[in-house]
Amino acid sequence: MAARKPQVEMPRQDPKNRIKNFDEVAIGYDEQMALEEASRCLNCPNPQCKKGCPVEVPIPEFIKLVKEKKFGEAAQKIKEKNALPAVCGRVCPQENQCQKFCVLGIRGNPIAIGRLERYASDWERNNSKIEEQTIPYTGGKVAVVGSGPGGLTVAADLAKRGHKVTIFESLHIAGGVLMYGIPQFRLPKEIVQAEVQYVQTLGVELRVDSTIGLLTTIDELLGLEGYDAVFIGSGAGLPNFMLIPGENLKGVYSANEFLIRTNLMKAYKFPEYDTPIRVGKNVGVIGAGNVAMDAARCALRLGADRSYIIYRRGRDEMPARHEEIENAEEEGVELHLLNNPSRFIGNARGFLERVECVQQKLSEPDRSGRRSPMPIPGSEYTIDIDTAVIAIGQSPNPIIQQTTPGLKTTRHGTIVVNEETMATDIPGVYAGGDVVSGAATVISAMGAGKLAAKSIHEYIMAKKTRNKPSA
Ligand code: FAD
Ligand code: SF4
């Protein structure tokens, strides 16, 4: 049997150049590369790849359209299920989802589904105009709180079903973490805004600078304001801290503040944008997820000489995407693994100078297979850093939970829902995304949004049938 062709590599900016700019690292396939990669797909009659996609993108069908050079139609096929294909093609962990199930992956060479998704959606954005769509109105009215991937998905799916949807977003711009967290060099903001605009062409109204819980409450949306249902997709934007000595020294940031200043407020374009950011010579980022990698890579681009990841477990346990760890190391980010910070040390003026770490070893795997870090007594040492970024996770902002009587929450502040319908205990109130799961992924928030949209549609249609005057 002839050997199968390998995956077509993604061209990327040279690490020496890219650490001097915020342009996209992955350059994207050209037409020839997309056709070559698509040609490897077997169009399996029983496609396993689909099983790995939380929003059920018709993968073989769109890849077939790419093979036929029908790139715009391929993008439309993806959009039947996924309103944010150019975003997902860039940041979804496909290696743990659709690509993990692709039959060609058995020999380590799955189809690069995300790269093809990106190619088709970029082609459509660059070559065709998004038309306003007119969809027959059902009479249903839905409020969506938050414009991250979860909120945008609910809004798009409900608008396609004919409901009038309004998104309330507390920031001045829509997109959630896609805008304020993930850096430009991984996800250009023009691309996020083009996908937000697509959702608006479905008839969705967007109200920015509108914080639910301050401006109006969930009860008022359902009562006075006449919405039939509300979806809460307010994410997990509250940073977690380590609660160790010295965390309030000058030079210690939460990853949220560091990334919001850099990305949303464009500190990397200072003074063109009036957002200062202080990045010293040696930056220590605590944590090893995608957020930590983003912060460490931003620090180098903002002028740091050295950027360290300080993490209490080992390489195999790092939660960030493998591809992003590789990118970070290529750019010069140094990994200090099996190290746990125990205190930050400052100078007499209250500025950070060092972090004290305790070396760790891992326990044997527990019943769930997880290995816990254990301190090695007497192994304390210090690393010179003048900036620290704490990236050890985020929790939901409590404002909605505190202003919505009867909304059930866990001790972590996440909202409790029925996982099959995404309904909360309050009739007409649904929730999904990071505010339910805790900090997770773009596609899991979108999957929850799809499920919620289906339930909200059924809820509204049943309500309308009940309220219809009998003949
Ligand atoms: P969010 O994206 O957090 O959006 C919630 C929105 O609600 C925000 O815009 C917020 O302003 C708004 N809001 C909050 N409260 C209110 C209120 N009271 N009223 C009105 N609006 C409100 N995932 C991946 O799959 N791949 C990655 O590579 C990846 N990288 C990441 C990098 C960083 C730096 C971060 C922080 C996260 C990353 N993630 C990644 C995780 C992913 O972005 C999130 O899981 C996802 O965005 C969650 O979507 P969401 O819709 O639930 O919430
Ligand atoms: Fe193509 Fe792989 Fe899906 Fe088969 S499993 S249809 S080869 S992407």
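Start with the salt bridges. Across the whole structure, a predicted model, a search finds 34 of them. Select E330 and R18 as the opening pair. Their side chains meet in a salt bridge, at 2.9 Å from N to O. E330 sits in helix α14 (residues 322-331) and R18 in helix α1, so this pair ties together parts that lie 312 residues apart in sequence.

**Colour by domain**

Next, split the protein chain into its assigned domains. Domain 1 covers 15-127. Domain 2 comes in two segments, 141-237 + 396-467. Domain 3 spans 241-392. Give each its own colour and keep domain 1 and domain 3 on screen. Their centres, taken over C-alpha atoms, are 32 Å apart.

**The interface of domain 1 and domain 3**

How much area is buried between domain 1 and domain 3? The figure is about 1,000 Å², and carbon and sulfur atoms give 52% of it. Now show R18, I19 and F22 as sticks. On the side of domain 1, these residues lose the most area to domain 3, together 59% of what that side buries. R18 is thus worth a second look: it also meets E330 in the salt bridge visited at the start.

Select the contact residues on both sides. There are 12 in domain 1, and they touch 12 in domain 3.

Turn to the charged pairs. Three salt bridges cross the interface of domain 1 and domain 3. Then pick R321 and E95. Their side chains form a salt bridge of 2.9 Å, N to O. For polar contacts between domain 1 and domain 3, the count is eight residue pairs, with both residues at pLDDT 80 or more.

Which helices supply the side of domain 1 that touches domain 3? Select α1 (15-18) and α5 (85-91): each provides at least two residues of that side. By residue class, the side of domain 1 that touches domain 3 divides into seven nonpolar, two polar and three charged.

**The strands around β11**

Move to strand β11, residues 352-362. Strand β10 (residues 339-346) pairs with β11 in the antiparallel sense, over seven bridges. Label G346 and L352: they stand opposite each other. The two strands form a hairpin with five residues between them. Click on G350 in the turn, where phi is positive, at about 85°.

Add strand β13 (residues 381-384). β13 pairs with β11 in the antiparallel sense over four bridges. Find V355 and look across to β13: its bridge partner there is I383.

Now add strand β12 (residues 373-375). Three bridges join β12 to β11, and the two run antiparallel. Here K361 stands opposite M374 of β12. With the strands still on screen, check the side chains: in a regular strand they alternate between the two faces of the sheet.

**Two backbone stops**

Go to F270 and P271. What kind of peptide bond joins F270 and P271? The bond is cis, with omega of about 5°. P271 belongs to the loop between α12 (255-264) and β7 (282-286).

Finish at D209. This residue has a positive phi of about 55°, although it is not a glycine. Zoom out slightly to see the setting: D209 lies in the loop between β3 (205-207) and α11 (218-222).

Notes: Residues are numbered from 1 along each chain as its sequence is written. Chains are lettered from A and ligands numbered from 1 in the order in which they are written. This is a predicted model: local features need pLDDT of at least 70, side-chain atom pairs count only at pLDDT 80 or more; totals for chains, interfaces and linings use all residues. Side-chain values use heavy atoms; hydrogens and water are left out. Domain bounds come from an automatic or database domain assignment. Contact means heavy atoms within 4.5 Å. Buried area is the accessible area (1.4 Å probe) that two parts lose on being put together, summed over both. A salt bridge is a side-chain nitrogen of Lys or Arg within 4 Å of a carboxyl oxygen of Asp or Glu. A polar contact is a pair of N or O atoms within 3.5 Å; within protein, one must be able to donate a hydrogen and the other to accept it, and residues adjacent in sequence count only if both atoms are side-chain atoms. Ala, Val, Leu, Ile, Met, Phe, Trp, Tyr, Cys and Pro count as nonpolar, Asp, Glu, Lys and Arg as charged, and the others, Gly among them, as polar. Two strands pair if DSSP finds at least two bridges between them.
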